[in-house]
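Below is a short note on one chain, written for a colleague who will look at the coordinates alongside the text. Please read the points in order.

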Amino acid sequence: MGDAAKIHPVLVVFALIAGEHSYGLVGALFAVPVASMIQTIFVYYRRRGFAAAAAPRVADPSRLEA
């Protein structure tokens, strides 16, 4: 299931343990898809943050004084 969700096998094991501990069998069934969604959101915002930090900052010409 980790290959289909593209998450690390250790994360799959931790997600299954946490899901089963919190919500029993239903939690174990939904643990990997929920972990995959959380990972996807994290990666999206991490890449978005790095892209914003790497973008060159342009001075606002209306605020410059001659």
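The numbered points go from the whole chain to the pocket and then to single residues.

1. The model is predicted, not experimental. Its secondary structure consists of 2 helices and 0 strands. One of the helices, H2, covers residues 9-54.

2. Of the 66 residues in the chain, 15% are buried. The chain has an accessible surface of about 5,900 Å². Carbon and sulfur atoms account for 67% of that surface.

3. The largest pocket has a volume of about 160 Å³. Its lining includes Leu-11, Ala-15, Ala-18, Gly-19 and Tyr-23. Further along the chain, Gly-27, Phe-30, Ala-31, Val-34, Ala-35, Ile-38 and Gln-39 also line this pocket. By class, the lining comprises 9 nonpolar and 3 polar residues, with no charged residues. Glycine is counted as polar in this scheme, so Gly-19 and Gly-27 fall in the polar class.

4. Leu-11, one of the lining residues, belongs to helix H2. Is Leu-11 buried, partly exposed or exposed? Its relative accessibility is 35%, so Leu-11 counts as partly exposed, given that this class runs between the cut-offs of 20% and 50%. Another lining residue, Gln-39, is 28 residues from Leu-11 in sequence, and the C-alpha atoms of the two are 9.9 Å apart in space.

5. Leu-29 also has its place in helix H2. With a relative accessibility of 55%, Leu-29 counts as exposed, because the class begins over 50%. Between the C-alpha atoms of Leu-29 and Ala-15 the separation is 10.0 Å, for residues 14 apart along the chain. Ala-15 is among the residues that line the largest pocket.

6. Ser-36 is placed in helix H2 as well. Its relative accessible area is 15%, so Ser-36 is buried, the limit for that class being under 20%. Which residues does Ser-36 contact, leaving aside its neighbours within four places in sequence? They are Ala-5 and Ile-7.

7. How many aromatic pairs does the structure hold? There is 1. Tyr-44 and Tyr-45 form this pair, with 5.1 Å from centre to centre and 75° between the planes. The geometry is edge-to-face, because the angle between the planes is over 60 degrees. Tyr-44 has a relative accessible area of 49% and is therefore partly exposed; exposed would require a value over 50%.

Methods
Residues numbered from 1 in each chain as written. Predicted model: local features only at pLDDT ≥ 70, side-chain atom pairs only at ≥ 80, totals over all residues. Heavy atoms only, no water. Helix = DSSP H or I, 4+ residues; strand = E, 2+ residues; numbered from the N terminus. Buried < 20%, exposed > 50% of the residue type's maximum accessible area, 1.4 Å probe, protein only. Areas by Shrake-Rupley, 256 points an atom, 1.4 Å probe, with all protein chains shown as cover. 1 Å grid on protein atoms, 1.4 Å probe; cavity = no way out; pocket = protein on both sides within 12 Å on 5 of 7 lines; lining within 4 Å. Points joined across faces, edges and corners; volume = space filled by probe spheres on them. Phe/Tyr/Trp six-rings, centres within 6.5 Å; stacked < 30°, edge-to-face > 60°. Contact = heavy atoms within 4.5 Å.
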